[in-house]
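Work through the exercises below with the sequence and the model at hand. Each task is followed by a solution in steps.

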Number of protein chains: 2
Amino acid sequence: MSQREFEFIDWLMQCFSSTGRDITRGIGDDMAVMMVNGEQVLITTDVLLEGVHFDLSRATPRQVGYKAMACSLSDCAAMAALPWCAVVGAAIPRSWNMDQARELTQGLQKAAKTYDCPLVGGDTTSWDNRLVVNVTMLARAQDVEPVLRSGAQVGDVIFVTGELGGSLAGRHLEFVPRVNEARRLAKWVHLHAMIDLSDGLAGDLGHICQGSRVGAIINKNAIPICVSALKSDNPLKAALADGEDFELLFTVSAKDAERLQHGRVEETFVKLTPIGEIVAGSGEILLRDETGKTQPLTYKGWEHHWGD
Amino acid sequence: MSQREFEFIDWLMQCFSSTGRDITRGIGDDMAVMMVNGEQVLITTDVLLEGVHFDLSRATPRQVGYKAMACSLSDCAAMAALPWCAVVGAAIPRSWNMDQARELTQGLQKAAKTYDCPLVGGDTTSWDNRLVVNVTMLARAQDVEPVLRSGAQVGDVIFVTGELGGSLAGRHLEFVPRVNEARRLAKWVHLHAMIDLSDGLAGDLGHICQGSRVGAIINKNAIPICVSALKSDNPLKAALADGEDFELLFTVSAKDAERLQHGRVEETFVKLTPIGEIVAGSGEILLRDETGKTQPLTYKGWEHHWGD
């Protein structure tokens, strides 16, 4: 994100940061958290724009529909929440035929079925313009306290799921939102802080560090890099800054880290990699090489918002 | 709406009509209704597109922000639900400056404050394209059973609030969503069916008739026409088909109609006009003139969706 969007979001947060009246957590995390009769209900919204988040010459309408739902499902995962239902707002190019509209809907539906998160409402309009798909999703906490960005503690070990980088080669259209993995993890250990990697490791770890008022050190050689990123000119940069990995980044105590690494994790569970630790600080992230030398992490997250 | 959108929505409904698992009412009403620990929570989403729902050469960003919230507030009114909180997805033209973005936000905020419905989350992205604003709103039933489109009964009297027609002269940007009026009405009388007038009287009464499997007769001379529509070439057509009045259309028993017309309604309460009655049928609407002669109502609602 550029400085400009940060400013706008900061200003929005001042205007809107609404807690009280059964709203326990407003803007500034992956989802807002509300109380209904003693139960925590969460909400998130994600806008996908043609030419920004997908390219219709390389993605099918079905893939776009799937991605639109999967982005919000990934927000649920980031809070360890159970997806409940969703509504979709769509602006459809007038040039589309019914088959394309159907395909888009089938993509939404595929994700809805896989994650048992039905679409319960929608508003579609056609226009002489590019495709816009906005999914808003509700989730429920159901026995798992929502995991915020702000709970990281000095001494925590930082983990990521799966492998990072190279999402633009196609993975960003068909990724697996880590909904089930997040719920399992939250039941195994005490997740102090969590986020899904949408802006890139560097940017999203920055959100955790800022939200938790801590710093972080990442071990350069520990970062799990995806095969498609290994082929690129700068695999490390790809893993740190490509964005749209939609893997989970989380922190746990050293004791819980030990349990995750050496405990009885099922063989089929997603790969979990410790990549560094939380240190005292105020948002700074250092990258440590094999000799122990550190340098400030300067790669910024994927800058598609308010881009320059 | 054109035939094309009806087909698409019908198809969507077949795919998605999801009840069960705490979802008591899915696509097909003004809001979906869900149960959380015994409390009814409602959700709606509305997409506003530049060049379709507003024209930035005639509307300020502040007006657009207000309208975006007010459309969803009007959906809450249509169900007699109490607005609770909202999230906004926005695609902002890259050509905008911060002042324009701020103004948009202030418009959203104005409606949020007036109706005590805070914005709790959002997703904004800039692009080289036109403004899109998508508001998703949650509401709570709180002591008032949600009023559906499907409850109209033969013999009911049909009422509208306020005056109709001529919304495009500017009223569509600054209308009063009838949230408070709907809650008051629901506590006075038993509202059998209700909808907000977004597509025009003819189209929206059609939704009630189809949803309730009944017909309707409208008294031509009874329709309350707005001053701005009276100046047009065809004031009746304006009142029937302009759309975006955002007044309420509802049906009550003859006994309750009597109470509404002759009971102690506060003088400051919005104007309530009986315009016709529900009759046996399957969706047909007749227009009755002063001599008692009827003709089928053929004006279609405002066809901005999937336009021709």
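**Exercise 1.** Which side chain meets that of Lys67(A) in a salt bridge?

*Solution.* The model is a predicted one. The criterion asks for a Lys or Arg side-chain nitrogen within 4 Å of a carboxyl oxygen of Asp or Glu. The side chain of Glu244(A) is the partner of Lys67(A), with an N to O distance of 2.5 Å. Next, place the pair in the domain assignment of chain A, which gives domain 1 as 3–140 and domain 2 as 157–296. The count of salt bridges between domain 1 and domain 2 of chain A is one. For polar contacts across this interface, the rule finds six residue pairs, both residues at pLDDT 80 or more.

**Exercise 2.** Describe the side of domain 1 of chain A that touches domain 2 of chain A.

*Solution.* Start with the elements: helix H2 (61–79) and strand E4 (82–93) of chain A each give two or more residues to this side. H2(A) provides the largest share, ten residues. Then sort by residue class: 13 are nonpolar, three polar and five charged.

**Exercise 3.** Quantify the packing of domain 1 against domain 2 in chain A.

*Solution.* First take the separation: the C-alpha centres of the two domains lie 23 Å apart. The contact draws 21 residues from domain 1 of chain A and 20 residues from domain 2 of chain A. Next take the area: about 1,700 Å² is buried between the domains, and carbon and sulfur atoms give 60% of it. Finally, find the main contributors in domain 1: Lys67(A), Ala80(A) and Tyr115(A) supply 28% of the area that domain 1 of chain A buries against domain 2 of chain A, more than any other three residues.

Key:
Residues numbered from 1 in each chain as written. Chains lettered and ligands numbered in written order. Predicted model: local features only at pLDDT ≥ 70, side-chain atom pairs only at ≥ 80, totals over all residues. Heavy atoms only, no water. Domains from an automatic or database assignment. Contact = heavy atoms within 4.5 Å. Buried area = accessible area lost by both parts, 1.4 Å probe. Polar contact = N/O pair within 3.5 Å; in protein donor to acceptor, adjacent residues only side chain to side chain. Helix = DSSP H or I, 4+ residues; strand = E, 2+ residues; numbered from the N terminus. Nonpolar A, V, L, I, M, F, W, Y, C, P; charged D, E, K, R; others polar.
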